[in-house]
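This report describes how the strands of one protein model are arranged and what lies around them. Please look over the sequence and structure first.

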Amino acid sequence: MLDHSIHPMYLIRLLSSGTNTSSYYQVMNHALKKISGQYTMLHYPYFRREGESFFESQVNLTEFCLSQLSEIKNKKVLEIGCGNGVQAMYIAEKYQPSIIYAIDLNEKNIEIARKEYSDRDCSLVHFLVDDAQKLKSFENNSIDIVINIESAFHYPDKKLFLSEVFRVLKPEGEFLIADILTTNSSTSAFKKFWKGKMHLNHWQLSEYLDNFEKTGFTLRRKTDITPEVIRGFRNYAYWMKNRGKSGFFSDLAFRIFYWINIRLNIYLLKKYRYYFVFSGTKI
């Protein structure tokens, strides 16, 4: 029987997601929701044990990042690059900051966040459209903790981003940046074109270290979690086995799309990239 459950526009979005950042995140929001029946965080998994769900492994990564910070309770928190809002709500409900501002440049992500949590008590969370390189919504020395997980590699001017984080943080305020770094700054003309289309701007480790110092930050910790992330991705088969089913062709398209993304991420992390978590304070 012909499967009518897959819409042609969905196939078009699948095909275009590799050449357009906005399409990519629309498709990823949809794809991740198919795994567990609800929106999940928009970042990589972190391995702790066999048989974890994708969302559990994403929570692992969030928990590892937050463990690099001091007490969050009753602090004023800014999450830069909040995606669909799942992580901001998780932090608000578990760690009870006094307030958490969750910003993203992608208006579609903020629309999802506001819609998804309109029926929940999220008075602590304020979802805003804002630019990580401008932070127009925030005054100088106004934030206790800045969290930025898997978003900075999209920023064309990371130096400006760091200076804005420094500006809005209170003296002795803390930052947490989890980013995907490159092992080699040189690349082919085709890769430069593709990275431009996808708004990819990976720094090397030395660039981050130099610019933390130049901006005025004290770096407390830097941790390479690449092995744990790769192992997290290798739980792929378990996630697929436990997700809900739809029609044959939509399942096939989804599996192919997800398999390509998983294998590509593992390949890149093993050969060209690594995943670092940085934490520190404003001097």
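## The sheet

In this predicted model, seven strands form an open sheet with mixed pairing, in the order β3-β2-β1-β4-β5-β7-β6. The edges are taken by β3 (125-129) and β6, each of which has a single partner strand, so one side of each is left without a neighbour in the sheet. On average, neighbouring strands of this sheet are turned by 15° against each other, direction ignored.

Helix α6 (residues 158-168) packs on the sheet. The strands that α6 touches are β1 (76-80), β4 (143-149), β5, β6 and β7, and its direction makes about 155° with that of β5.

## Strand β7 and its partners

Strand β7 (residues 273-282) runs antiparallel to strand β5 (residues 169-182), and nine bridges join the two. Within this pairing, I177 has F278 as its bridge partner in β7, while A178 is partnered by V277.

Strand β6 (residues 217-224) is also antiparallel to β7, with seven bridges between them. Here the bridge partner of T223 in β7 is V277. V277 is thus named as a bridge partner of both A178 and T223.

Is β7 largely enclosed or open? Nine of its 10 residues are buried, so the strand is largely enclosed by the rest of the structure.

## A nonpolar surface patch

I256, W259 and I260 make a nonpolar surface patch of about 310 Å². Of these residues, I256 lies in helix α11 (residues 248-271). I256 counts as partly exposed because its relative accessibility is 44%, between the limits of 20% and 50%.

Notes:
Residues numbered from 1 in each chain as written. Predicted model: local features only at pLDDT ≥ 70, side-chain atom pairs only at ≥ 80, totals over all residues. Heavy atoms only, no water. Buried < 20%, exposed > 50% of the residue type's maximum accessible area, 1.4 Å probe, protein only. Helix = DSSP H or I, 4+ residues; strand = E, 2+ residues; numbered from the N terminus. Pairing = 2+ DSSP bridges. Patch = residues over 30% accessible without salt bridge, like charges linked within 9 Å, V, L, I, M, F, W, Y side chains within 5 Å. Areas by Shrake-Rupley, 256 points an atom, 1.4 Å probe, with all protein chains shown as cover. Salt bridge = Lys/Arg side-chain N within 4 Å of Asp/Glu carboxyl O. Axes fitted to C-alpha atoms, helices over the stretch in contact; angles between N-to-C directions. Contact = heavy atoms within 4.5 Å.
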